[in-house]
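The following paragraphs walk through one part of a predicted model. Please keep the sequence and the structure in view while reading.

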Amino acid sequence: GIYRHFIREPHNLAERYGKGSWAVITGSSDGIGKAFAYELAKKGFNLYLISRTESKLVDICKEIEEEYKVETKYLAKEFTESYTDKFYTDIAEETKDLDVSILVNNVGRGRKKAPDGNQIKNDIDTVVINCLPQTALQALFVPRMNERENRSGVVNLSSVAGGKPLAMNPVYSATKGYNDYLSRASFWENSEKIDFISARPGWVSTPLINNKEVGGYIISAEDCVTSTLDKLGHDDWTNGHWRHSLFYT
């Protein structure tokens, strides 16, 4: 654990995956997804951001282009509708000429109780949002990545709740277990050309946990992202930050 977190050198991702290539990030207008956007732009990757709120995407793209001098594109999508193949048609069309080297499957939700009382719809939406975009976007981009000259990387957001059954939020826990299994199985199948990592963090200060104050077991989205990317290309799963690794063990 000490070697992995404090001694081992992370890969230079721009050199490993190709300078000037593109990163596709879902759920990128807030929290962990937004932090991935800024960190990958800082490393020199162009960005294709997919999230629900267009106004936030516009602001993020403008700020990133000005600060990091990379190209950005965005697409506003409502992921509760991601259960049909047609949902992905415009994503496929708009990225067909982009050299996509990184896919970050981040979009997700953790709501346990339906605020409107419709628990069936609430739980169905949780399964749809947490599982289907990861499945479909891997189906879209993994074959393309296997044809690239450079290696590529896929980051799949699972959770510490996906490593073991979580009775307090069983639907969320089950979907995060799916994210983890799909990611690790996909790595074993595509490891010659693609680095997969299943990110299984604990509590991160994001809207998912009402932006709780950073401290103790709660880390920032930025720390979650950097500690995960440091392990991309080395490990097929990680809790990310050392604090979360300590908790998991």
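Which way do Ser152, Gly153, Val154, Val155, Asn156 and Leu157 point from E5, and are they buried or exposed? Ser152, Val154 and Asn156 point one way, while Gly153, Val155 and Leu157 point the other way. Residues on both sides are buried. Strand E5 spans residues 152–157, and six of its six residues are buried, which leaves the strand mostly covered.

The neighbours of E5 come next. Strand E4 (residues 100–105) pairs with E5 in the parallel sense over four bridges; leucine 103 has valine 154 of E5 as its bridge partner. Strand E6 (residues 194–199) also pairs with E5 in the parallel sense, over six bridges. Here leucine 157 is matched with alanine 199 of E6 as its bridge partner. Alanine 199 in turn has a bridge partner in E9, threonine 238, and E6 and E9 pair in the parallel sense over two bridges.

These pairings belong to an open sheet of seven strands with parallel pairing, in the order E3-E2-E1-E4-E5-E6-E9. Its edge strands are E3 (72–76) and E9 (237–238), each of which pairs on one side only. Helix H3 (residues 31–42) packs on this sheet and touches E1 (22–26), E2 (46–51), E4 and E5. The direction of H3 makes about 170 degrees with that of E1.

A second helix, H6 (residues 119–146), joins E4 and E5 in a right-handed β-α-β unit. H6 lies across E1, E4, E5 and E6 and runs at about 165 degrees to E4. E5 is thus touched by H3 and crossed by H6.

Conventions
Residues are numbered from 1 along each chain as its sequence is written. This is a predicted model: local features need pLDDT of at least 70, side-chain atom pairs count only at pLDDT 80 or more; totals for chains, interfaces and linings use all residues. Side-chain values use heavy atoms; hydrogens and water are left out. Buried means under 20% relative accessible area, exposed over 50%, partly exposed in between (1.4 Å probe, protein chains only). Two strands pair if DSSP finds at least two bridges between them. A crossover is right-handed if, with the strands pointing away from the viewer, the path from the first strand over the helix to the second runs clockwise. Contact means heavy atoms within 4.5 Å. Axes are lines fitted to C-alpha atoms, for helices over the stretch in contact, and angles run from 0 to 180 degrees between N-to-C directions.
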